[in-house]
2 protein chains.
Amino acid sequence: MDKILRVNMTDMTTKVEEVPAEWAGHGGRGLTSTIVAAEVPPTCHPLGPNNKLVFAPGLLSGTPAANSGRLSAGAKSPLTGTIKESNAGGTAAQLFARLGIKAMIIEGLPKEDKWYSLHIDKDGVTINEETELIGKNNFAVIEALEARLGKKTGILTIGTAGEFRMAAANISVKDPDSKIRSHGRGGLGAVMGSKKIKFISINGEGATPVKIADPDKFKVAARTFAKALLDHPVSGQALPTYGTNVLVNILNEAGGLPTKNFRYGQFEAHDKISGETMHDTIVARGGRPKHGCHAGCIIQCSQVYNDKDGNYLTSGFEYETIWGMGADCCVEELDDIAKADSLMDDIGIDSIEGVVMFGVAMEAGIIPFGDGKGILRLLTEEIAKGTPLGRILGGGAGSVGNAYGLTRVPVVKNQGIPAYDPRTVKGIGITYATTTMGADHTAGYTIATNILNVGGYVDPLKKDGQVELSRNLQIATAAVDSTGMCIFVAFPALDIPECLPALIDMINARFGLSLTGDDVVNLGKYILKTEHQFNIAAGFNNAHDRLPEFFALDPVPPHNLVWDFTDEEIDEFWNF
Amino acid sequence: MDKILRVNMTDMTTKVEEVPAEWAGHGGRGLTSTIVAAEVPPTCHPLGPNNKLVFAPGLLSGTPAANSGRLSAGAKSPLTGTIKESNAGGTAAQLFARLGIKAMIIEGLPKEDKWYSLHIDKDGVTINEETELIGKNNFAVIEALEARLGKKTGILTIGTAGEFRMAAANISVKDPDSKIRSHGRGGLGAVMGSKKIKFISINGEGATPVKIADPDKFKVAARTFAKALLDHPVSGQALPTYGTNVLVNILNEAGGLPTKNFRYGQFEAHDKISGETMHDTIVARGGRPKHGCHAGCIIQCSQVYNDKDGNYLTSGFEYETIWGMGADCCVEELDDIAKADSLMDDIGIDSIEGVVMFGVAMEAGIIPFGDGKGILRLLTEEIAKGTPLGRILGGGAGSVGNAYGLTRVPVVKNQGIPAYDPRTVKGIGITYATTTMGADHTAGYTIATNILNVGGYVDPLKKDGQVELSRNLQIATAAVDSTGMCIFVAFPALDIPECLPALIDMINARFGLSLTGDDVVNLGKYILKTEHQFNIAAGFNNAHDRLPEFFALDPVPPHNLVWDFTDEEIDEFWNF
């Protein structure tokens, strides 16, 4: 029987509630956004008693469906002030689903200045005081909890950045290899820190297989779906071989690889940090080029990256992190980037916000461009220790820009702009400007169609068709984010005719429904509008759906284009 | 012949322009806000090339009218993101007016990384490179420029805070005693710093007396007006005797003196920092209890405050500064507060933003409550040196709150809330919430009617009548801010029937007009609506016209009231 867990940190009570009828059809992002919109006052302080932190597995999480193990986290964001959804792999989503937990809602703030943990099992959730692990970073927390509670325990945890309530703090999820996946964007770790919850442990004993209404239908659809993932050249070949970092050379070639804090669109040393170089390095050092972030992943875009002595260094080593510390900060040493990636996971900083922030920190002159060792030092000596400089950096790219009075600060709604220059890849600029989340490439990944020729082709250098492209992708993504599926299922879904129907068939078979493609589109629209309405009530309007001024003023080589959408053209986005 | 000076820092050109017909009837705030609204794109970056810094004397500046020597400065604020007007005494307004300068508009950003100064004389304005005074603070700049250009030179300058483009940086104006008056609020010093202008010097040689259309009528009105100022108990007695600091004991008695970062409404040690104690201290040490901030001031609410050895320590020592470092930071030593006041003038930090910020810094645990010497150290060792901690502090109260993840952060639109608790003095809460400027008591000083029984009486503890009171005062203030008059002329204008007509008569006599009281009200409405429209286009809406959440959650002793206006009640403000 599905249930809602509710934890009140003010009066230290927990409840197991029935799932309200209006939430029953939702999962993942659709459910966390629905709950936040229903229960969080939009103008509340994100770190105050009225914000709530919500976790929900997807509609298909816990089933045998390939790539369905993403957990959604939602709250009002301390980084952006908007509603925020961030999803991650790891083992927690499937544990939630198999324990029958549709969502967990954490509300209130403790009255006492103490730290706590939550422990979930088949009977519900308990609140415990925690002292031992306070001040520890994520890898130490995971190691200690596995010793304390057993290797199979699911873990959600914050590092010191979350304890410090830094706006770039993330929430880490233990993955099947006891490594870390992150609810990265939007500072949700600070929300967890404000509620004084160091970690959430999940005991899966007694978890039952997810009930599937029509098992035969499910099996057929799941097979078709998995085949589509494996057949598509991006999800079946490029991602497993090179990881997401396959994009360095592709974006460099397109002139859309933001370099030196978004001054240029190409990075001379791109070969040193490319997916191809990374793959060869991993193989030469006895690492693993393929690795899944959750059980059931068949794309395997993660990897195990070893140092030059063959010892484990990092995994989940993504294009956006490598781009940012590489091209955007002009660091040419892939090993330094890998170390920083691991440190950001450990301290609990969103690695996208982190690298965009370091580019701005270099703009401010805190360390010179190219100084990879300087970044490692800032992470361990400043951010992890919560020094004043660490506080500025831990607040993200906008925080550094404000503190140093800079104008070249690539943020939208105060969230750092990721790895694709919006002047050269104009569709993604529309996504950055309009998404309910602050700058976020995953919200409507036009790179697929602008650069990778997936789902057709829209010329990235021209304005034509970009608003419609971004809109369609944002609607589809909101729906996919509700299923617990990894966003990369979008590649086959856009190109292989059987893929999307199979996904819908799995949902129908799971719940005994008969949803159509239109229903899925309507779900996506409903989610976007629910989030947008929250943001409007929180004080956002069209004037916030804008890119920073410098994109309109400074042409970016090699195409020497500026961001040239008019306000009216951008605002067309919300006409649906 | 009145003229507009236009300085373009991008192409390093200056122009003398005719006054456009639509600006001719405006002065002071009415003119700076009109120009900013007309020429600055509302969504531009405040420190970028599209922001403009505008100075304008008032309609009556340069005339013999009492208290008419305030200079208005306007721009888009880097602190609040709103339009911003801040006016100050000193000698510059009268020099502008007598040189026939209706306004000066500074636009663009230099291409080279050099510092500059502007020099104004009867022929116009020139741009000069400056090296000697860069890195110097305001008192040193004034001393050096008097040596370089003569004692009579008018000076506008920024300290190191402005050079660092800190969001709390102000613009200093030399006063008749070579001390400092400040365009304090909203970070206009950072705008001047972004344009790389260290100072503006004004040579008054060749300045002609301001032409008055009807000198006899003017003389009669000016006499009536001055008599009203002297006759009113607040402007004629309380302010000259105790300065604005007369308010410490009054607000403490009312339970509206925010104490320990707005935890309480009364401060046990209020006697140690009160206006009465200050007056006795000044007299005992051979200082001056009365002092004018500009020639022609007959209220003389400033003072010369000496240290215990009888040496000059500070002047323009205001209630809000003393409240903030005293009650709000729990510092009991008036001499420490005076030293901090002088240091904030020297470094170029708004002393209101500064003291509210220090209260939040104490909340963050950076230094303990009550540590006055700690504040002095933070000013000289951190802010003045632009260290990372200094950058956080120099960004104002909101900056500290963000860096340390706090919720008890008394700001509206990111500007620090001054010296009157809105839970206990509810009218001023409406002003904080609704003014176009971010939290600003001067925008609609309901303390007059809520606490001082000026202009009638509206019970400060109740909601009734507060919105109307704040609206009427904000409209009137916008008009008064256009005349170049000190805001304290409002006390007699509210109580003495002849005062306001005499003020209008002076304007009519100066320009040969026949304005009525209704015209003045309409002017005030026009200014507010112009500013409000700018803010809306910049992305503000009703959701920003709110006080921080903690005011609604935490009752403040001794009355144990919370902020209890509904959104709808607040939003009634703009119904005019």
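**Cavity linings**

I sorted the residues lining the largest cavity and got six nonpolar, five polar and three charged. Note to self: this is a predicted model. I then did the lining of the second largest cavity, which splits into five nonpolar, five polar and three charged.

How many cavities of 30 Å³ or more does the whole structure have? My search turned up five. The largest has a volume of about 120 Å³. I looked up who sits around it: 14 residues line this cavity, and B:Asp2, B:Pro57, B:Gly58, B:Lys102 and B:Arg510 are the closest to its centre. In chain B, helix H2 (92-98), strand S6 (101-107) and helix H21 (499-511) each give two or more residues to that lining.

Next I went to the second largest, at about 100 Å³. Its lining has 13 residues, and nearest the centre I find A:Asp2, A:Pro57, A:Gly58, A:Lys102 and A:Arg510. Here the elements giving two or more residues are strand S6 (101-107) and helix H21 (499-511) of chain A.

**Cysteines**

I checked for disulfides next and counted zero over all chains. A:Cys486 is in none; its nearest cysteine sulfur belongs to A:Cys301, 6.2 Å away. Why no bond for B:Cys486? Its sulfur is 6.2 Å from the closest cysteine sulfur, that of B:Cys301, and that is too far for a bond. The cut-off I used for a disulfide is a sulfur pair within 2.5 Å.

Is A:Cys486 buried or exposed? I read 10% relative accessibility, so A:Cys486 counts as buried, given that buried means under 20%. B:Cys486 also comes out at 10% and is therefore buried.

**A sheet in chain B**

I traced one open sheet of six strands in chain B, running in the order S8-S7-S12-S9-S10-S11 with mixed pairing. Which strands are at the edges? Strand S8 (124-129) and strand S11 (180-183) of chain B are, each pairing on one side only. I also looked up the twist: ignoring direction, neighbouring strands of this sheet are turned by 20° against each other on average.

Then I zoomed in on one end of that order. Strand S7 of chain B, residues 116-121, pairs with S8(B) over six bridges, in the antiparallel sense. Reminder for the margin: strands of a sheet pair through backbone hydrogen bonds, either parallel or antiparallel. For a spot to click on, I picked B:Leu118, whose bridge partner in S8(B) is B:Ile127.

How values were computed:
Residues numbered from 1 in each chain as written. Chains lettered and ligands numbered in written order. Predicted model: local features only at pLDDT ≥ 70, side-chain atom pairs only at ≥ 80, totals over all residues. Heavy atoms only, no water. Buried < 20%, exposed > 50% of the residue type's maximum accessible area, 1.4 Å probe, protein only. 1 Å grid on protein atoms, 1.4 Å probe; cavity = no way out; pocket = protein on both sides within 12 Å on 5 of 7 lines; lining within 4 Å. Points joined across faces, edges and corners; volume = space filled by probe spheres on them. Helix = DSSP H or I, 4+ residues; strand = E, 2+ residues; numbered from the N terminus. Nonpolar A, V, L, I, M, F, W, Y, C, P; charged D, E, K, R; others polar. Pairing = 2+ DSSP bridges. Axes fitted to C-alpha atoms, helices over the stretch in contact; angles between N-to-C directions.
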